[in-house]
Amino acid sequence: MPFSETERKRRHKALVEMMKKNELSALILIGDTNVGPSVMGDLRYYTDLFVIFYRQVVVIFPDSEPVLFAFSEISRQAAQKRSSVRDCRFTEDLIGETVKLLKERGVIKGRVGVNFDMLPISWFKILKSELPEVDWVDNHAQIMEIRFKRSQEEMDILRKGSRLGDGGFESAINIIKPGVTEFEIASAIEHYARKNGAESHFTLIGSGRFALEDKNALPLPYSPSQRKIEKGDSVLMEITPRYEGYWTQLVRTVNVGEPNKDLEKIKNVCEGATKEALKYLKPKKTVKDIVLAMESYVKDCGYILRPPLGHICGIDLVEARISWQNEMEFETGMAVIIHPTVFTPDGKTSFFWGETYLVTNEGYERLNQATDDLLTI
């Protein structure tokens, strides 16, 4: 796995300090396989291990060694070899073994940290029944504060991952032509990424003839289908590789066979909105600051700004939304996907476009280097 022993120890120390500050006797982290919001990634952050099947559980103690429980022997062997946890055990009863371990370590009362978004209600009932004197506390918000403080190693992984998105886009434009299916486009994108080190990929595609007056022409991207591309279509791609646990994203569209002036017009509004946002993408500025900057620009152009606007990404694809309600401050090392969605004045037709940026001490670094041109191929 990618991270040094120094980095892994840094993460362990930060979580233990959080536990002691919150007077926790133990901390239970649950991992799963899905693409999701920030609640999915706490276990991956601590263990540095990709969960390939069902769930895994890690129990951390402030003054003794952590234990990882895996649901299959294959997963246990991988955890033993690749994760930051040395004591890795196979069990088909994840919650039962967790309870047994807590009792063995003397954790029968006091406070234990959990993530209620990840903890199944059936498991919680068992915990309450078996350990009635324990106070179960949700500490995910404090873990996210730690996760947002990115190290140089994490930033380097994000830089490498963004190159997979650029290469996937180049692979796509090399095969897009009339008669090619959305599945074939997705295959080209993901083949490049996997060949060059992506552990997984999240690919969305939309295709059709774009026209400002036709709300059904070019949909926002979704899971690829067998639809065949036609001359005059545009192909919208959300290209999202996951490299060594960290997501980056590139959103691009190309025209097929002939230029599309309507699309060029609305694309320019998206790009202009991003440029305004970048003026505020720096430490101490807030997520809301960049949203208000985009909104003002789009409104002045005679259009409407609506979600999705982008997200802060890392171990989870959406660690925080780019939204009017989010007033969190940017920190050095945050990776921010900015893809404003611009709607026509009647609110019926929309388009979005964007890429990933890294917050630096001075401002930002653009991670994706794909062309800003709306290509016709």
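Before we start: helices and strands here are DSSP runs, a strand having at least two residues, and they are numbered from the N terminus. Keep in mind that this is a predicted model.

**Exercise 1. Find the strand that holds Ala335, then decide whether Ala335 is buried or exposed.**

Step 1: Go to strand S14, residues 335-338; Ala335 sits there.

Step 2: Check the accessibility. A residue is called buried under 20% relative accessible area. Ala335 has 0%, so it counts as buried.

Step 3: Look at who surrounds Ala335. Skipping neighbours within four places in sequence, its contacts include Arg150, Leu158, His311 and Tyr357.

Step 4: For a sense of scale, pick Trp136. It is 199 residues from Ala335 along the chain, and the two C-alpha atoms are separated by 32 Å.

**Exercise 2. Describe how helices H1 and H6 pack: at what angle, and how far apart are their axes?**

Step 1: Recall what you need. Two packed helices are described by the angle between their axes and the distance between the axes.

Step 2: Read off both values. H1 (residues 5-21) and H6 pack at about 145 degrees, and their axes are 10 Å apart.

Step 3: Add the handedness, which is right-handed for this crossing.

Step 4: List the residues that do the touching. H1 brings Ala14, Leu15 and Met18, while H6 brings Gln142, Ile143 and Ile146.

Step 5: Sort the contact of H1 with H6 by class, and you get five nonpolar residues, one polar and no charged ones.

**Exercise 3. Which residues have side chains in polar contact with the side chain of Glu7?**

Step 1: Start with Ser151, in the loop between helix H6 (140-147) and helix H7 (152-175). Its side chain and that of Glu7 are joined by a polar contact of 3.1 Å.

Step 2: Move on to Arg11, which lies in helix H1. A polar contact of 2.8 Å links the side chains of Arg11 and Glu7.

Step 3: Compare each with the cut-off for buried. Ser151 has 12% relative accessibility and therefore counts as buried. Arg11 counts as buried too, because its value is 2%.

Step 4: Widen the view, leaving out neighbours within four places in sequence. Ser151 is in contact with Glu7 and Arg10. Arg11 is in contact with Phe3, Arg44, Tyr45, Glu154 and Tyr246.

**Exercise 4. Where on helices H3 and H4 do the buried residues lie?**

Step 1: Here's a handy rule: an α-helix has 3.6 residues a turn, so residues three or four places apart point the same way.

Step 2: Take H3 (residues 73-82), whose buried residues are Ser75, Arg76 and Ala79. Looking down the axis of H3, they fall within an arc of 100 degrees, so they line one face of the helix.

Step 3: Turn to the other side of H3. The face turned away from the buried side carries the exposed residues Ile74 and Lys81.

Step 4: See what the buried residues of H3 pack against: strands S2 (56-60), S3 (67-70) and S4 (87-90).

Step 5: Repeat for H4 (residues 94-104), where Leu94, Ile95, Thr98, Val99, Leu101 and Leu102 are buried. Their arc is only 165 degrees around the axis, which puts them on the same side of H4.

Step 6: The cover over the buried residues of H4 includes strand S1 (24-31), helix H5 (121-130) and strand S6 (133-138).

**Exercise 5. Glu23 and Asp48 have positive phi values: which one is buried, and which is exposed?**

Step 1: Place them. Glu23 is in the loop between H1 and S1, and Asp48 is in the loop between helix H2 (42-47) and S2.

Step 2: Note the angles. Phi is near 55 degrees for Glu23, which is not a glycine. For Asp48, also not a glycine, phi is near 60 degrees.

Step 3: Use the accessible areas. Exposed means over 50%. Glu23, at 61%, is therefore exposed, whereas Asp48, at 2%, is buried.

**Exercise 6. Which two residues are joined by a cis peptide bond, and what is omega?**

Step 1: Go to Pro308, in the loop between strand S11 (304-306) and strand S12 (310-313).

Step 2: Look at the bond joining Pro307 and Pro308. It is cis, with omega about 5 degrees.

Note on methods
Residues are numbered from 1 along each chain as its sequence is written. This is a predicted model: local features need pLDDT of at least 70, side-chain atom pairs count only at pLDDT 80 or more; totals for chains, interfaces and linings use all residues. Side-chain values use heavy atoms; hydrogens and water are left out. Helices (H or I, at least four residues) and strands (E, at least two) are DSSP runs, numbered from the N terminus. Buried means under 20% relative accessible area, exposed over 50%, partly exposed in between (1.4 Å probe, protein chains only). A polar contact is a pair of N or O atoms within 3.5 Å; within protein, one must be able to donate a hydrogen and the other to accept it, and residues adjacent in sequence count only if both atoms are side-chain atoms. Contact means heavy atoms within 4.5 Å. Axes are lines fitted to C-alpha atoms, for helices over the stretch in contact, and angles run from 0 to 180 degrees between N-to-C directions. A crossing is left-handed if the near helix is turned anticlockwise from the far one by less than a right angle, and right-handed if clockwise. Ala, Val, Leu, Ile, Met, Phe, Trp, Tyr, Cys and Pro count as nonpolar, Asp, Glu, Lys and Arg as charged, and the others, Gly among them, as polar. The arc is that of the directions from the helix axis to the C-beta atoms.
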